[in-house]
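Trainee: I am new to this structure and would like to know how each term is earned. Could we take the terms in turn?

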Amino acid sequence: MMMSLGSFLFTLATLPYQSQAHSREARFAAADRVGAGRAFQFLGPGPETMSLSGVSAWGITDAAAAAEALDAIRQAGAAQPLVGGDGRVYGNYILTKFGEQKSSFEKDGTARRVEWTLELTRVDQTAAPTPARPTPSPTDRAADPLSVFSIEGALG
């Protein structure tokens, strides 16, 4: 097995892929500043996508049955776990696009060559936990000349 998307297995006998692209983005907010460059703040992870593409040859793989199975996954619209053949769990993905380009036809219209691509989008990303702000200790407050506690200590 090369990879699995839910119950669909990408193997050399079903639908082997020749190319895999994995993209991860981050989200940032930008704020204009007077007299300085823009300031950026990290907002968390952005979209994560995976693209697979390959070529299936007539008589070697059953591309038509594989395409039908993948199209059923796409139409269901449910997230599926994506797992690599090496055991790596990529997360839950939805199949957002599946395309085929057929060529070299038989006299009955059966394609001898099918080039295909599919695009997956990860949907199980959760927000990163917000780090807790450290509460200053009384000694930190006393060392801060602008602290209310240091002013009270000076007056008291």
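Mentor: Of the 21 residues in the largest nonpolar core, those touching the most other members are Phe-10, Leu-15, Leu-70 and Leu-118. The model is predicted, so local features need pLDDT of at least 70 and side-chain atom pairs pLDDT 80 or more, while totals for chains, interfaces and linings use all residues. Residues are numbered from 1 along each chain as its sequence is written, and side-chain values use heavy atoms, without hydrogens and water.

Trainee: What makes a set of residues a nonpolar core?

Mentor: Its members are Ala, Val, Leu, Ile, Met, Phe, Trp, Tyr and Cys residues that are buried and joined through side-chain atoms within 4.5 Å; buried means under 20% relative accessible area, exposed over 50%, and partly exposed in between (1.4 Å probe, protein chains only).

Trainee: Which element gives the most to this core?

Mentor: That is H1, with 5 residues, where a helix is a DSSP run of H or I with at least four residues, a strand is a run of E with at least two, and both are numbered from the N terminus.

Trainee: What is Phe-10 in contact with, beyond its neighbours within four places in sequence?

Mentor: Taking contact as heavy atoms within 4.5 Å, the partners of Phe-10 include Met-1, Leu-15, Leu-52, Leu-70, Trp-116 and Leu-118.

Trainee: Why is Ser-104 called partly exposed?

Mentor: Its relative accessible area is 44%, so Ser-104 falls between the two cut-offs. Ser-104 lies in strand E6, and its phi is near 55°, a positive value in a residue other than glycine. Most residues other than glycine have a negative phi.
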